[in-house]
Amino acid sequence: MPNHLVNETSPYLLQHADNPVDWWPWSPEAFAEARERGVPVHLSVGYSSCHWCHVLAIESFEDELTAAYMNEHFVNIKVDREERPDVDAVYMEAVQAATGQGGWPMTVFLTADAEPFYFGTYFPPEPRHGMPSFMQVLEGVRAAWVGRPEEVADVARKIAQDLAGRQLDYGKAGTPGPEELAQALLGLTREYDATRGGFGGAPKFPPSMVLEFLLRHHARTGSEGALQMVTDTCEAMARGGIYDQLGGGFARYSVDREWVVPHFEKMLYDNALLCRVYAHLWRATGSELARRVALETADFMVRELRTAEGGFASALDADSEDPLTGKHVEGAYYAWTPAQLREVLGEDDGALAAGYFGVTEEGTFEHGTSVLQLPQDGPAVDAERIAGIRARLLAARVERPAPGRDDKVVAAWNGLAIAALAECGAYFERPDLVERATEAADLLVRVHFDAAAGRARLARTSKDGHVGSNAGVLEDYGDVAEGFLALASVTGEGVWLEFAGFLTDLVLDRFTAEDGSLYDTAHDAEKLIRRPQDPTDTAAPSGWTAAAGALLSYAAHTGSEAHRTAAERALGVVHALGPRVPRFIGHGLAVAEALLDGPREVAVVGHPEDPALAALHRAALLGTAPGAVVAVGRPQSAEDGEGEFPLLAGRTLVGGLPAAYVCRHFVCARPTTDPAELSEQLGAVRP
């Protein structure tokens with residue numbers, strides 16, 4: 001029979017609504033139930049496209065005997081980490097502190113006061129590889145709860161006190177300077193995989209935020225080593241199996257060092273971040289590969305993740321149904337055998353495709369299948385013929401059972417997508433992409449943003465156009481503001497700057513500590529055993545540094561000293577951590593590059609119908625100066641006062657022609673009517 005999840009909106013929770021486990025959502029009522037029954041809480045955290053979350057569900061949560069034991073001896077709470085990143089962060093910190101590692105599914109046992117006392121991740125149905133079975137874990141926790149209650153309570157109390165005492169204080173560390181960023185570059189160089197691209201070993205994740213830092217560092221300093229790391233890593237990923245060679249878009253990570261076999265789930269945040277990185281790489285170098293991948297990734301997001309309401313869905317599953325076995329297995333939608341290629345393409349084109357995409361009889365994945373790649377030593381072939389082969393394979397793949405889609409719209413990740421699509425649309429003269437970015441921004445304003453006096457807030461999620469109940473966290477405010485600021489620069493519509501101002505004001509009012517450090521949750525959010533506060537990047541920018549970037553850009557647009565000061569104080573964390581752990585604070589390092597460069601403030605004025613204005617605006621957007629902000633609009637005399645874009649105040653035509661004004665560090669360059677001169681002022685490598 002259905003459990004307490006039946007009325008939830010999270011696709012992940014609804015996947016468990018028919019389990020024999022009597023699941024509860026995270027709620028005061030669930031903890032009250034545990035207190036009344038005198039039993040511990042079993043907290044299970046995951047997300048809808050998580051492969052091992054599905055495995056645990058099939059093996060244990062759908063098993064009647066296991067579920068009966070869980071229902072008798074525990075109150076069982078299921079949490080979607082994408083809806084409640086605050087709950088996830090608090091208990092993941094405990095898991096990592098206790099075990100030295102973490103991941104999903106996350107399994108935590110709590111007291112009725114939400115204090116954790118035992119931790120883990122995935123547990124198999126039978127003991128294997130040194131892991132106890134899930135039932136053994138349940139029985140062991142139950143035995144400790146009944147037989148040693150004082151010991152359990154003492155452990156839980158000490159863990160909760162330790163977590164609550166982990167206060168970060170980086171507000172007085174000082175802003176990062178050239179020395180800290182140079183040290184960060186040196187640290188990245190030491191960890192760089194010069195043979196395969198990327199950083200570290202297997203599993204290897206796309207280092208989106210670090211690549212953005214390296215691009216900005218190159219733009220500011222001319223470091224060829226920084227640019228080479230970006231170029232080589234981007235090419236290795238684009239040629240590897242982590243990139244969908246037929247449909248575009250990136251998988252979550254590679255299980256090997258060579259980028260060959262991915263973990264096949266496709267996340268909106270990965271694709272938004274990588275789309276922007278490849279677009280910025282093209283902007284810096286003119287790379288045709290970077291242009292192709294940026295556009296294919298943008299088109300993938302629009303084609304496969306866009307919702308009917310104009311937002312972008314969270315993810316595509318790693319698993320799908322194998323047509324031969326009827327079982328849901330990882331990668332079934334994407335992998336090919338030589339025989340399958342011949343079946344679709346015929347003998348000649350099938351053989352050519354096998355060589356071109358690295359599909360072998362032995363296989364590079366499982367059961368003799370291969371993930372499509374672009375090997376460096378593949379055959380030289382006619383581009384038109386390959387385009388035809390790609391189209392036919394993609395059409396055949398569409399007939400396969402498709403991976404499931406998590407349709408919830410997460411505010412932060414949509415903010416990242418808005419920024420990427422707006423910039424790609426501007427760079428590559430694709431107004432349709434700018435339109436899709438604008439539609440997603442409209443959805444966030446209409447559905448996610450509540451501007452009511454005294455309770456203004458941004459909601460974390462929506463689904464089918466209906467807002468979710470969970471409040472936005474800091475990353476939502478920072479990433480959505482960033483998306484709105486990018487959209488304002490591209491479209492010249494000042495309303496997006498205004499909305500970014502609303503969001504950054506809320507960051508100042510509700511997320512900022514007295515010392516300038518930032519919290520992941522608002523001061524009036526639900527009280528957990530610890531108020532989460534993490535400045536390091538995960539798969540997406542940390543809320544802390546995302547907010548710092550938005551604060552800095554908004555200050556550059558408006559001259560707001562309060563926003564600039566808040567950004568500088570927040571970047572104290574980069575001063576402290578950048579030289580030590582640069583791989584894990586890449587976004588903060590990128591924002592620090594913008595701070596060191598100014599960031600530059602660009603005002604472009606002219607009449608909308610004048611093509612010379614469009615040429616100047618394009619040159620401004622293609623400038624590589626780190627974090628430069630761009631305002632475009634009609635000329636304004638000093639008497640006009642401040643319009644939608646404060647940067648345009650007092651900016652007039654020069655000799656009757658559209659003009660661009662570039663300022664940084666309170667000094668302005670000579671206004672120019674020449675796009676080439678503007679490109680030079682903005683450090684652009686190419687016009």
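In this predicted model, strands β18 (residues 601-605) and β19 run parallel and are paired over 5 bridges. They belong to an open sheet of 4 strands with mixed pairing, ordered β19-β18-β20-β21. The points below treat that sheet and the helix packed on it, then strand β3 and its partners, helix α6, and the nonpolar cores.

**The sheet β19-β18-β20-β21**

- Within the β18 and β19 pair, Val604 is positioned opposite Val632 of β19.
- The edge positions are taken by β19 (629-633) and β21 (667-668); each has a single partner strand, so one side of each lacks a neighbour in the sheet.
- Helix α24 (residues 611-621) packs on this sheet and touches β18, β19 and β20 (659-664).
- The direction of α24 makes an angle of about 170° with that of β18.

**Strand β3 and its partners**

- Strand β3 spans residues 75-80, and 6 of its 6 residues are buried.
- Side chains of Val75, Ile77 and Val79 point one way from β3, while Asn76, Lys78 and Asp80 point the other way; all are buried.
- Strand β2 (residues 41-46) pairs with β3 in the parallel sense through 6 bridges, and Leu43 lies opposite Ile77 of β3.
- Strand β1 (residues 23-25) is also parallel to β3, joined to it by 3 bridges, with Pro25 opposite Lys78.

**Helix α6**

- Helix α6 comprises 14 residues (134-147) and reaches 20 Å from its first C-alpha to its last, close to the 20 Å expected at 1.5 Å a residue.
- Phe134, Val137, Leu138, Val141, Ala144 and Trp145 are the buried residues of α6.
- These buried residues lie on the same side of α6, because they cover an arc of only 135° around the axis.
- Exposed residues Val146 and Gly147 are carried on the face of α6 turned away from the buried side.
- The buried residues of α6 pack against strands β2, β4 (106-110) and β5 (116-120), and against helices α3 (51-61), α4 (64-73) and α7 (149-164).

**Nonpolar cores**

- The largest nonpolar core contains 172 residues, and Leu214, Tyr278, Met301, Phe484 and Leu678 have the most contacts inside it.
- Setting aside residues up to four places away in sequence, Tyr278 touches Cys234, Met237, Ala238, Phe250, Leu289, Ala290, Val293 and Ala294.
- Another core, of 28 residues, lies apart from the largest one and includes Trp24, Val75, Ala114 and Leu163.

Notes:
Residues are numbered from 1 along each chain as its sequence is written. This is a predicted model: local features need pLDDT of at least 70, side-chain atom pairs count only at pLDDT 80 or more; totals for chains, interfaces and linings use all residues. Side-chain values use heavy atoms; hydrogens and water are left out. A nonpolar core is a set of buried Ala, Val, Leu, Ile, Met, Phe, Trp, Tyr and Cys residues joined through side-chain atoms within 4.5 Å. Buried means under 20% relative accessible area, exposed over 50%, partly exposed in between (1.4 Å probe, protein chains only). Contact means heavy atoms within 4.5 Å. Helices (H or I, at least four residues) and strands (E, at least two) are DSSP runs, numbered from the N terminus. Two strands pair if DSSP finds at least two bridges between them. Axes are lines fitted to C-alpha atoms, for helices over the stretch in contact, and angles run from 0 to 180 degrees between N-to-C directions. The expected span of a helix is 1.5 Å times one less than its number of residues. The arc is that of the directions from the helix axis to the C-beta atoms.
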